[in-house]
Amino acid sequence: MPDFLSFIGEILWGSVMIYLLLGCGVWFTWRTGYVQFRYIRKFWRSLLGSLTPQAGGLTSFQVLCVSLAARVGSGNLAGVAIAITVGGPGAVFWMWVSAFVGMASSFAESSLAQLYKEKDTNGHFRGGPAWYMARGLGMRWMGVVFSVFLLLAYGLIFNTVQANSMARALEFAFDTPKLLSGIVGGLVILVLITRSLRQLARVMQWLAPVMALLWVCASLLISLWHIVEIPAIIEMIIRSAFGWQEAGAGAVGYTVSQALTNGFQRGMFSNEAGMGSTPNIAAAAASWPPHPAAQGIVQMIGVFIDTIIICTASAMVVLLSGHDTEIVTHSGIHLIQQSMSVLVGSWGAGFVAFIMTLFALTSITANYLYAKNNLAFLNLHNRVSIWILRMITLAMVLVGSLLSLPVVWQLADIIMALMAITNLTALLLLSPVVRIIARDYLRQRKLGVRPVFNARYYPDIEQQLAPGAWDEPPRE
């Protein structure tokens with residue numbers, strides 16, 4: 001079975017996903033007027049603006065924190081270590097590339113989720129890829145297919161990845177039995193997922209930034225302590241990314257391919273740009289300013305923080321330690337722990353285990369929210385279905401803590417690819433709408449006015465929208 005899964009994963013990632021991710025990222029970079037580069041200087045202002053509370057939905061900052069909770073998980077620790085192990089230091093460079101091109105895809109999917117959102121019976125906003133496939137493309141069947149993929153990914157597979165890394169980290173640091181980690185982790189998750197969306201958003205808006213800052217600050221202090229080595233590390237990353245280190249060995253093509261593939265795989269698993277997950281929570285925001293593109297820009301910040309900042313922090317820990325990455329095949333979290341122990345002493349493994357536990361628990365909670373949202377699209381949002389989802393989530397936490405890691409990561413790669421292919425296909429078909437949203441937002445910004453989306457200016461789009469979502473744009 002592992003060999004078969006590896007074969008399928010190599011076909012999807014070696015022949016389809018790399019070109020699709022790069023192509024879509026470049027396409028939307030151009031179609032949106034290079035929005036991620038034009039607004040990178042204004043990220044801080046957008047972040048401050050996202051704090052403004054609005055009626056009918058969560059604040060954009062709360063939504064950003066929930067999406068960060070989902071993004072920041074084992075991919076930022078174990079995933080980075082695996083990428084370096086398999087693809088070499090050059091994989092880090094391709095992670096950075098995946099982030100910058102992925103920011104445009106993230107802008108597109110989150111803006112569309114905002115545009116095609118609708119209100120549920122409680123007056124809260126819902127939306128996501130399934131909704132813009134149904135409303136924007138008129139292909140409800142495609143939305144159903146995507147929802148099934150997402151339920152498999154976020155209700156099952158990805159939870160096992162997070163639980164597996166958490167259990168392995170705790171076992172390595174404290175000799176905690178994996179079964180005990182699974183049981184205790186499951187009980188904590190049960191307490192969290194029985195809370196309402198607003199309650200969870202309030203928890204995530206302080207927990208997600210704190211746990212991310214803890215890890216980044218630790219890495220930053222280590223990097224400053226070894227600052228004389230940083231230039232050599234950066235040079236090694238770039239040389240390895242293009243095969244310059246291996247040129248003499250005649251293995252340039254293979255090495256670059258491995259670095260690029262693993263960099264994009266782990267980068268995407270971490271930042272989720274283009275995969276169709278983040279739009280499920282992005283639609284829940286009452287965006288401020290009241291324009292779909294505003295939420296797209298806020299979610300680009302999440303991709304930047306996740307990959308450029310947090311994943312780079314993990315990469316620095318591994319590369320500065322000088323630890324032999326080749327001795328670790330799939331135990332990425334162990335490599336991070338060993339590297340941290342080399343740099344700061346024996347307590348480093350325990351610190352990584354603590355951070356990994358926070359990352360895993362918040363990711364699993366956010367995964368549950370994504371899966372629950374798609375139950376609503378499938379008209380299965382009832383008490384029985386929700387409790388079934390909760391029990392499956394707990395079961396996956398328990399099973400994931402006991403499974404072998406190679407199988408878990410291989411399944412995650414396959415289901416991630418299937419989700420992304422479905423979502424990116426819809427994004428490409430809706431790219432004219434993305435262009436309209438971006439141009440409308442940028443035009444108003446250039447005029448020096450607060451961007452407000454008025455659907456009446458776009459009759460073809462207006463007839464696709466849910467009643468009450470954008471009918472009456474707020475006035476100054």
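A nonpolar core is a set of buried Ala, Val, Leu, Ile, Met, Phe, Trp, Tyr and Cys residues whose side-chain atoms lie within 4.5 Å of one another, so that they join up into one group. Keep that in mind as you look at this structure, which is a predicted model.

Let's start with the core itself. The largest nonpolar core here has 152 residues, and the members that touch the most others are Leu 112, Leu 115, Phe 158 and Trp 215. Helix α14, running over residues 292–321, gives the most to this core, with 18 residues.

Now for the empty spaces. The structure holds 2 cavities of 30 Å³ or more, and the largest of them has about 80 Å³ of space. Its lining is made of 11 residues, and Leu 21, Ser 98, Gly 102, Phe 264 and Ala 273 are the ones nearest the centre. If you want to find this cavity by its helices, look at α6 (90–115) and α12 (252–271), each of which supplies at least two residues of the lining. What classes of residue line the largest cavity? There are 5 nonpolar and 6 polar residues, and no charged ones.

Next, the largest pocket, where about 760 Å³ of space lies. Of the 37 residues lining this pocket, Asp 120, Asn 122, Arg 126, Lys 372 and His 381 are the closest to its centre. Several elements give two or more residues to the lining, among them the strands β1 and β2 (125–126) and the helices α7, α10 (197–225) and α17 (383–400). Helix α16 gives the largest share, 6 residues. By class, the pocket lining has 14 nonpolar, 12 polar and 11 charged residues, whereas the lining of the largest cavity has no charged residues.

Strand β1 is a good place to stop for a moment, as Glu 118 is found there. In sequence, Glu 118 is 349 residues away from Pro 467, yet their C-alpha atoms are 7.4 Å apart in space. Glu 118 also has a charged partner: Arg 135 forms a salt bridge with Glu 118, with 3.0 Å between the closest N and O atoms. Arg 135 lies in helix α7 (residues 129–135) and Glu 118 in strand β1 (residues 118–119), so this pair ties together parts of the chain that are 17 residues apart in sequence. How exposed are the two partners? Arg 135 has a relative accessible area of 28%, so this residue is partly exposed. Glu 118 comes in at 23%, so partly exposed fits here too.

By the rule used here, the structure has 3 salt bridges. Another one joins the side chains of Lys 178 and Glu 171, at 3.9 Å from N to O. Lys 178 is partly exposed, with 21% relative accessible area, and Glu 171 is partly exposed at 31%.

The remaining pair takes us to helix α19, residues 431–446. This helix has 16 residues and reaches 22 Å from first C-alpha to last, close to the 22 Å expected at 1.5 Å a residue. In α19, the side chains of Asp 440 and Arg 443 meet in a salt bridge, 2.9 Å from N to O. The two residues are 3 apart in the helix, which is about one turn. Is Asp 440 buried or exposed? Its relative accessible area is 2%, and anything under 20% counts as buried, so Asp 440 is buried. Arg 443, at 41%, counts as partly exposed. Other buried residues of α19 include Val 433, Val 434, Ile 437, Tyr 441 and Leu 442. After the helix comes Gly 448, which has a positive phi near 80 degrees.

That brings us to backbone angles. Most residues other than glycine have a negative phi. Which residues go the other way in this model? Tyr 34 is one of them, with a positive phi near 60 degrees. Tyr 34 is found in the loop between α1 (2–31) and α2 (35–38), and is partly exposed, with a relative accessible area of 44%. Asn 379 also has a positive phi, of about 60 degrees, and is not a glycine. You'll find Asn 379 in the loop between α16 and α17. With a relative accessible area of 63%, Asn 379 is exposed.

Technical notes:
Residues numbered from 1 in each chain as written. Predicted model: local features only at pLDDT ≥ 70, side-chain atom pairs only at ≥ 80, totals over all residues. Heavy atoms only, no water. 1 Å grid on protein atoms, 1.4 Å probe; cavity = no way out; pocket = protein on both sides within 12 Å on 5 of 7 lines; lining within 4 Å. Points joined across faces, edges and corners; volume = space filled by probe spheres on them. Helix = DSSP H or I, 4+ residues; strand = E, 2+ residues; numbered from the N terminus. Nonpolar A, V, L, I, M, F, W, Y, C, P; charged D, E, K, R; others polar. Expected span 1.5 Å × (residues − 1). Buried < 20%, exposed > 50% of the residue type's maximum accessible area, 1.4 Å probe, protein only. Salt bridge = Lys/Arg side-chain N within 4 Å of Asp/Glu carboxyl O.
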